[in-house]
Amino acid sequence: MQLQVKNSPFDEKQAELLNQLLPMLTETQQIWLGGYLSAIPTGSKPQISGSTAVQEVPASVTEVTILYGSQTGNGQALAEDFSKKLKAQNFQVTLASMSDFKPKTLKKLENLLLIVSTQGEGDPPDNALPFYEFVFSKRAPKLDQLSYSVLSLGDSSYDSFCETGKQFDARLLELGAKQMSPRIDCDLDYDDPAAEWFASVTSKLTELQEKTGGISNKQAAATLEVVEKSTYSRTNPFQAEVLENINLNGRGSNKETRHLELSLEGSHLEFEPGDSLAIYPENDSVLVDSLIAEMGWDAATPIQLKNDEIIPLEEALRKHYEITVLTKPLLQKLALLSSNNNLKELLHSEQTEAWKEYSYGRDLLDVVRDFGPWDIPAVEFVSILRKIPARQYSIASSFKANPDEVHLTIGTVRYEAHGRIREGVCSGQCAIRTEPGDTLPVYVQRNDNFRLPDDPDTPLIMVGPGTGVAPFRAFLEEWEEIDASGKTWLFFGNQHFVTDFLYQVEWQRWLKEGVLTRMDVAFSRDTDEKVYVQHRMLERSQELFQWLEEGAVIYVCGDEKHMATDVHATLLKIIEKESGMSAEEAADYLAKLQQQKRYQRDVY
């Protein structure tokens, strides 16, 4: 693309500069620039930085602060998307993680949007902790000037569904703030309710902007169109071809861990070490057929999806609806459809945990068998089911080292319960029903809470037993690729050395070449007394604390309920022992590491 001086309003120098720039622009950048220039007020002097268009903000522009607390990245992705859309509608937006926001400035805000997830049994995500503790402390100020709204993300299979969002909502009201729009609680399939929440708050903010004489949102149309254009994402997954599918465990192991290599060629998807890849799985066709037969339905019955697509019942249950996880909301809806009072009695039992005990190890097929007879059309039954959610796995490879591929480490879930063999929906599919040449629908899930340091001289301590070691394979591939000089230390654990030493050859090569400085392993079933990674950490207590004092970043990946809790307690013990600090001082030390992003966890 060349600009001819004689056919344009530009002088020769301006044309020369434009001719240098235009060939460097992608199609998307050209569209964005056109939209940006058409949207700015006449007479203003636009400026463009390397990441964001900057223009003088009129005094009447409404200011909005968006804070997110996100463990796996869903909340952050929503916050970033909403931020772009509000900016395109000429709101002045401040976007920040709760861990990066200075809580004392809360009393200066007028419009606040909180997007927060809930971890496990009602806990805030790691990057929300400092803000959460401040808001619920005696230091929290009165917020009579604040208008806010909360978008809460959670999983209805947990009793404490969206608990963190509910707590923030109640606390802000208690502090005198006013709801600009009611809180919305989102389950795993959060796209529609999140869009509803955003539309509601945008409407309220637009009313406020118009009252204060703000610039018209019509000027943003061109830019908004660019913002909403997407490549492959959670709503538009890429069909990735399976290149390799290997069992990493040796013969005789109690475990089956699959190493998958997927092709990303042509997707333009990129990722960083610490990110996850999400897979939309399919339910086992045997389970689907059994459910249809039990209910006496016709597998060809037409089912209309939310996008108005009409597909056969069998395909809908296999590809679109969750049938393996029992949640309390689902059981309550089923109880209303059933003439069998036993299900109602289970839900209203004096034993509050009765429904949980029943649900453990069971699926929808068990429910329809246990609480029949049923006389419900398939269309009505399917309407109460939630969309099958994607399963996220820590990426086990570096994009720099493998630009057209992504590698995963997936532990197969398989067990017997209530007279049937059960399998994880996605892990079972990958282990049994996925061959090289097949495709899987995937998207990249960013996780900015689990990142390598910017300084390649920084020491790394990585704790990853079992499949929790996956991101550290990506870390070391990246460290090798960029020729980083920071020393590295890996703690790995599993059941048996002979059958369960995942990626053993690669660790040994990296140790030999110096990419991995040291490695400590714990194989819990090879000794009379079970030894885990936290025991190895205690044995190396002095050296580990010395690394921390030298500026090391410590990473923990894997099981949240047991391993991550035990490792956290072990770190506190090590800090107390080696520094002479009190328990309270050690907790403060570790909290500061977390705030400085020197203690990062990817736990599930």
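Colleague: What is the strand order of the open sheet of 6 strands, and what kind of pairing does this sheet have?

Modeller: In this predicted model, the order is β14-β11-β18-β9-β10-β15, and the pairing is antiparallel.

Colleague: Why are β14 and β15 called the edge strands?

Modeller: Strand β14 (391–394) and strand β15 (405–411) each pair on one side only. Two strands count as paired if at least two bridges are found between them. Strand β10 (residues 257–263) and β15 are joined by 7 bridges, so the pair meets that requirement. Within this antiparallel pair, His 259 stands opposite Thr 409 of β15.

Colleague: Which helix packs on this sheet, and what makes that a contact?

Modeller: Helix α15 (residues 425–432) packs there, touching β9 (238–247), β10, β11 (276–279), β14, β15 and β18 (439–445). This is called contact because heavy atoms lie within 4.5 Å. The direction of α15 makes about 65° with that of β14.

Colleague: How is the open sheet of 5 strands ordered and paired?

Modeller: Its order is β21-β20-β19-β22-β23, with parallel pairing, and its edge strands are β21 (518–523) and β23 (599–603). Neighbouring strands here are turned by 10° against each other on average, with direction ignored.

Colleague: How do you know that β20 and β21 pair?

Modeller: The requirement is at least two bridges, and 6 bridges join β20 (residues 488–494) to β21, the two strands running parallel; therefore they count as a pair. In one of these bridges, Trp 489 has Arg 518 in β21 as its partner.

Colleague: What describes the packing of helix α3 against helix α6?

Modeller: Helix α3 (residues 74–88) and helix α6 (residues 191–211) pack at an angle of about 35°, and their axes are 12 Å apart. The crossing is right-handed. From α3, Leu 78, Phe 82, Lys 85 and Leu 86 meet Ala 194, Trp 197, Phe 198, Thr 202 and Leu 205 of α6. By class, this contact holds 7 nonpolar, 1 polar and 1 charged residues.

Colleague: What makes the enclosed space in this model a cavity, and how many reach 30 Å³ or more?

Modeller: A space is called a cavity because a 1.4 Å probe fits inside but cannot get out. The count is 1 cavity of 30 Å³ or more, and the largest cavity has a volume of about 40 Å³.

Colleague: Which residues line the largest cavity?

Modeller: The lining consists of Leu 188, Asp 189, Arg 234, Tyr 280, Lys 387, Ile 388, Pro 389 and Ala 390. By class, these residues divide into 5 nonpolar, no polar and 3 charged.

Methods. Residues numbered from 1 in each chain as written. Predicted model: local features only at pLDDT ≥ 70, side-chain atom pairs only at ≥ 80, totals over all residues. Heavy atoms only, no water. 1 Å grid on protein atoms, 1.4 Å probe; cavity = no way out; pocket = protein on both sides within 12 Å on 5 of 7 lines; lining within 4 Å. Points joined across faces, edges and corners; volume = space filled by probe spheres on them. Nonpolar A, V, L, I, M, F, W, Y, C, P; charged D, E, K, R; others polar. Axes fitted to C-alpha atoms, helices over the stretch in contact; angles between N-to-C directions. Helix = DSSP H or I, 4+ residues; strand = E, 2+ residues; numbered from the N terminus. Left-handed = near helix turned anticlockwise from the far one by under 90°.
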